Structures are given as structure tokens and as C-alpha cells.
Amino acid sequence: MGKIYKDGCLKLKYFPTSSVKLKINKKGFLKAKNFGVKEICTVLCVTDSMNLKNINQPVNQTIKNLKDIFRESHECNINSKCYISVAFHCPYDGKVDASYVEDIVGILLDFQVQEIVIADTIGAANPKEVSSLISTLTN
């Protein structure tokens, strides 16, 4: 198996180089790029409370970091995926405004992210909320 280092990066010595999950920073991306990965996967919690608990950064700082990472991944022909976490409800802040999630998706599309995953991270969304958001995002 791989070895996880203190900086949160995973040494992929024994794994195929098709995909890797990254710590959301430039250092993690450069390690993955140098290792020859073909896809990067990142997570963005859309509330500051959750993002601070998860990676100790407010959302706006994470978005700034992701901009550079996704720009370079696009330039290097590395596929990109971003999981939008707590897209419906946050365990700390409650219901998340759908228009805010739409704005985040728009930003990620501007960054040329190839795949965006909308996550009901805590399982609190109802079918109507999910259907409504997905319908809006796909129109």
C-alpha cells in the first residue's frame, strides 16, 4: 500500500498513476504532477465552518488555491474533479443557499474543472432539494 506523510500527501509507489486525491495546495498538486497522475480530485466544503474544520481555510482562500491548481492541471492535460461538499446542509451552519452553490459551480466551471460532484455530505437533503439544485445546474 501507499504511505501517508505528515503533510497529508500519499506516496503512490504501489498504486497506478491514474488518479490521486490531493491536499488542496500547490505543493500537493506539484507532487502529484511530478508523479505523473492523469487526474486530480479535490474537495471544497462550501461553508466556512465546514471548510475551516476540514482544512483550516475559509472558502475564499480555498477557491484562490484551486484556481491555480486547476489552471495548471488544464495546461498539463491532467483531468480535474472537484467534490462540492455540504452542498445542501452543513452540520455547523444548517441549510446552504442553493444560489450560493450555483455561484461556486460557476466559478469552478470558469476554472475549467472537468467534473463537478455535488455532495449531500451529511445526508440531510430531501429529494426535492436535490432535484431542484441539479435541475438548475444543468439548465
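These exercises work through a predicted model of one protein, each with a solution in steps.

**Exercise 1. Overall layout**

Task: State how many helices and strands the protein has, and give their order.

Solution.
- Step 1. The protein holds five helices and eight strands.
- Step 2. Read from the N terminus, the order is β-β-β-α-β-α-α-β-β-β-α-β-α.
- Step 3. Now burial: 37% of the 139 residues count as buried.
- Step 4. Now contacts. Take those between residues at least 6 apart in sequence; 60% of them join residues at least 24 apart.

**Exercise 2. The cysteines**

Task: Find how many disulfides the structure has, and explain the result for Cys 41 and Cys 82.

Solution.
- Step 1. Searching the whole structure gives zero disulfides.
- Step 2. The cut-off is a sulfur pair within 2.5 Å.
- Step 3. For Cys 41, the closest cysteine sulfur belongs to Cys 82, at 9.6 Å. That is too far for a bond.
- Step 4. Start from Cys 82 instead, and the closest cysteine sulfur is that of Cys 41.
- Step 5. Check accessibility. Cys 41 is buried at 6% relative accessible area, and Cys 82 is buried at 0%.

**Exercise 3. The two sides of H1**

Task: Determine which residues of helix H1 (residues 26-35) are buried, and where they lie around the axis.

Solution.
- Step 1. The buried residues of H1 are Gly 28, Phe 29 and Ala 32.
- Step 2. Their arc around the axis is only 100°, so they sit on the same side of H1.
- Step 3. Turn to the face away from that buried side. Exposed Lys 27 and Asn 34 are carried there.
- Step 4. Look just past the helix. Gly 36 has a positive phi of about 90°.

**Exercise 4. Packing of H4 on H5**

Task: Describe how helix H4 (residues 98-110) packs with helix H5 (residues 127-138).

Solution.
- Step 1. Two numbers are needed: the angle between the axes and the distance between them.
- Step 2. Here the angle is about 35°, and the axes are 11 Å apart.
- Step 3. The crossing of H4 past H5 is right-handed.
- Step 4. H4 supplies Ala 98, Val 101, Glu 102 and Val 105 to the contact, while H5 supplies Leu 133, Thr 136 and Leu 137.
- Step 5. Sort this contact by class: five nonpolar residues, one polar and one charged.

**Exercise 5. Positive phi outside glycine**

Task: Locate Asn 56 and Asn 77, and decide whether each is buried or exposed.

Solution.
- Step 1. Recall the background: most residues other than glycine have a negative phi.
- Step 2. Asn 56 has a positive phi, near 60°. Asn 77 also has a positive phi near 60°.
- Step 3. Asn 56 lies in the loop between H2 and helix H3 (59-75). Asn 77 lies in the loop between H3 and S5.
- Step 4. The threshold for exposed is over 50%. Asn 56 is exposed at 63%, and Asn 77 is exposed at 69%.

**Exercise 6. Ser 85 and Lys 53**

Task: Establish the setting of Ser 85 and of Lys 53.

Solution.
- Step 1. Ser 85 belongs to strand S5 (residues 79-85). Its relative accessible area is 7%, so Ser 85 is buried.
- Step 2. Leave out residues up to four places away in sequence. Ser 85 then touches Val 43, Leu 44, Cys 45, Val 46, Ala 119 and Thr 121.
- Step 3. Lys 53 belongs to helix H2 (residues 48-55). At 60% relative accessible area, Lys 53 is exposed.
- Step 4. Lys 53 and Tyr 92 are 39 residues apart along the chain, with 9.8 Å between their C-alpha atoms.

Conventions:
Residues are numbered from 1 along each chain as its sequence is written. This is a predicted model: local features need pLDDT of at least 70, side-chain atom pairs count only at pLDDT 80 or more; totals for chains, interfaces and linings use all residues. Side-chain values use heavy atoms; hydrogens and water are left out. Axes are lines fitted to C-alpha atoms, for helices over the stretch in contact, and angles run from 0 to 180 degrees between N-to-C directions. Helices (H or I, at least four residues) and strands (E, at least two) are DSSP runs, numbered from the N terminus. A crossing is left-handed if the near helix is turned anticlockwise from the far one by less than a right angle, and right-handed if clockwise. Contact means heavy atoms within 4.5 Å. Ala, Val, Leu, Ile, Met, Phe, Trp, Tyr, Cys and Pro count as nonpolar, Asp, Glu, Lys and Arg as charged, and the others, Gly among them, as polar. Buried means under 20% relative accessible area, exposed over 50%, partly exposed in between (1.4 Å probe, protein chains only). The arc is that of the directions from the helix axis to the C-beta atoms.
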